[in-house]
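User: Please take a close look at one sheet in this model, and add what can be said about the helices and cysteines.

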Amino acid sequence: IKIVGGQAMPVTPCGLPVGTTIEVHNLFFNTPVRRKFLKGIQTEMGHVSETFTRLALSHSNLHLTLRHNGKRVYEVPAGADLLERIGLFFGDELRKQLYSIEANAGTMRLRGFIADPVAERGSAKMQYLFLNGRYIRDRSLGHAVQEAYRGLLMTGRYAVAFLFLELPPDQVDVNVHPTKTEVRFRDGSAVYHLVLTALRERLRKENLTARLRVTSTLEPPRVANGAVPWSLTAPPEGGPKLPFAVPSSPLIPMSPPARPPNTEANDTAPTGEESLGPALAPEVAKTWADMPADVRAIQLHDAYIVLETPEGMLVIDQHALHERVLFEQLKGRIRLGPLETQHLLIPEPVELSADQAARTLEHQTALAELGLNVGDFGGGTVLLSSYPALLGHRSPAAILKLVVDHLVSQDRPPTREIFLNDVLSLMACHGAVRSGDRLTGEQIAALVAQRHLAEDTHHCPHGRPTTLLFSKHDLDRQFRRI
C-alpha cells in the first residue's frame, strides 16, 4: 500500500516476512514552507530517535528497528522486556539503579521503574509517563514524582522514572491536545495521590546511602625528607588526639559548643585536649585497643565523621546528618502539637518590607505551630514573641527572616504541608552543627547514635547525601588485596 502526497496508489502484492513495515521518505517534498522550519539533520534525527524510544518502551511485544542513512541505529527484539529496553537506550549503569514499582487503587494501576536518587538529572526529560500504552506529558504527575523525591534531590535536580498508568478509557479525556500528549483526568487528585504514595513507599524500602566512588589513588603526603608525616602507631608528640567515645545517652538537641560568656570575639581557638572539653581529656587519650568494639569514630577537618561499620566505613557529613536528625525531630513534635517554645522576655521587633510583613501575617497560624509567634506592630514591622526551644542559641530574628525570604520567593502560596516542610528544613539547617564546628567525643557519639533514630538518614532535607559508604571490598581493591 503506497501513498504519495496524500494520494493512494494502486495496491500491489509484495513478498515480505510476517509483520508490518512502515517507511517514510522525503516527508516534506511537496511542502516547502514546512521544510524551511526544519532543524539540522542531527536535531531532527534526535526527535525521531526520541519518538522511537517512546514507542519501544510502551510496546514491549514488538520487534523494532531504526535505521538512518542505511545504518542501523537501534535493534529492539520482541523478546526484550522493559528493563532490557531501558538498558539498551540509556545504558546498563542506569538499569542497575532502578527499582521496580507496582501499585493499584480501584480501577487504576501503576507499574514501572524509578531510579535511585544518585541517578538524578538536570531536567525532567528522563521522566517517561505512559497512559494506556501512549506517551503523555502531565505537569501534575511530574510534580507528584518530584514531591515523592522531596528531601532526596537538591533544588534544580530531577528524578528518573519510567511509569505506566492504566485507566478505564472513560476516566480520561485524550482529546485535549492535537498530538494526544496532554490529557485530562476525570479524577486528577486520585491519580496524583496514587503516583505520590506509591513512589514514596517504594523509596522508603530501599537503603539509599550513597557509595563512595574512587576515581584515582593519590600518593601519600610526605615531608621534605621523604618520611610520612604521621606515625601509623601513635599521633606525634603534642599533636591533636582523636576523640573516641561510647554514647551514654543521646544529646538532643546536639548544639555546637557555645562560646563561654564574656569571651572576646578575637580569642584564639583552643587546641589539643582543651578543644574537646576538660571532661573528655581522659577519653581522648585512649588508643584503638581500649575502644569498645561497637563504636569507632573520628572527626576529620571539623566537618566529617568517619565511622567503622561491619560493611567497611561511613564518611558522615556532620552538618547534613544533624540537619536530617533535627528535621525529623521537628516533624515528629509537630505531629503531637505545636513545638515547645522559648518565650522572649521582651518581644523582638523585626523590620520587614510591607510585602514581607503581609505574607508573614498571612501564615501567622502555621508559624505558631512551628513555635514562631508573630504579631503586627504596624508598617513593615512584626513582633516576634517566641521561637522553637529546639534551636538553642540561634538568633530568633535571623530564623524568622529566613522563613520570610522563603515565603516571598514562592511564585504561589504553598500548601500547608509544603510550607511546614520547607520551614522545618530551614530551621533544621540553621539549628544543626556546622562544617567547622569542633565536636567533643560525646557529641560525635551522640550524633552517630541518633543516626539510627531517624528514618531517612541517607539525605538531608535539601537532598544532599549525609553519608558515603566505602565498603571493605573497595578498600581491599584499592590496596590491591584482591
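Analyst: The sheet is described before the helices and the cysteines.

The model is predicted, so local features need pLDDT of at least 70 and side-chain atom pairs count only at pLDDT 80 or more, whereas totals for chains, interfaces and linings use all residues. Residues are numbered from 1 along each chain as its sequence is written, and side-chain values use heavy atoms, with hydrogens and water left out.

The sheet is open and has three strands in the order β16-β18-β17, with antiparallel pairing. Strands (E, at least two residues) and helices (H or I, at least four) are DSSP runs numbered from the N terminus, and two strands pair if DSSP finds at least two bridges between them. At the edges lie β16 (341-351) and β17 (373-378), each of which pairs on one side only. On average, neighbouring strands of this sheet are turned by 20 degrees against each other, direction ignored. Between β16 and β18 (residues 381-388), the antiparallel pairing runs over seven bridges. In β18, T381 is the bridge partner of E351.

Helix α11 (residues 396-409) packs on this sheet and touches β16, β17 and β18; contact means heavy atoms within 4.5 Å. The direction of α11 makes about 60 degrees with that of β16. Axes here are lines fitted to C-alpha atoms, for helices over the stretch in contact, and angles run from 0 to 180 degrees between N-to-C directions.

Helix α12 (residues 416-431) contains F419. F419 is buried, with a relative accessible area of 1%; buried means under 20% relative accessible area, exposed over 50%, and partly exposed in between (1.4 Å probe, protein chains only). The C-alpha atoms of F419 and H363 are separated by 9.2 Å, although these residues are 56 residues apart along the chain.

In helix α5 (residues 139-148), the buried residues include L141, G142, A144 and V145. The N-terminal end of α5 is capped by D138, which has a side-chain oxygen 3.1 Å from the backbone nitrogen of S140.

As for the cysteines, the structure holds zero disulfides, a disulfide being a pair of cysteine sulfur atoms within 2.5 Å. The sulfur of C429 has its closest cysteine sulfur in C460, at 7.4 Å, and therefore the two are too far apart for a bond. C429 counts as buried because its relative accessibility is 15%. C460 likewise counts as buried, at 1% relative accessibility.

Note on methods. Polar contact = N/O pair within 3.5 Å; in protein donor to acceptor, adjacent residues only side chain to side chain.
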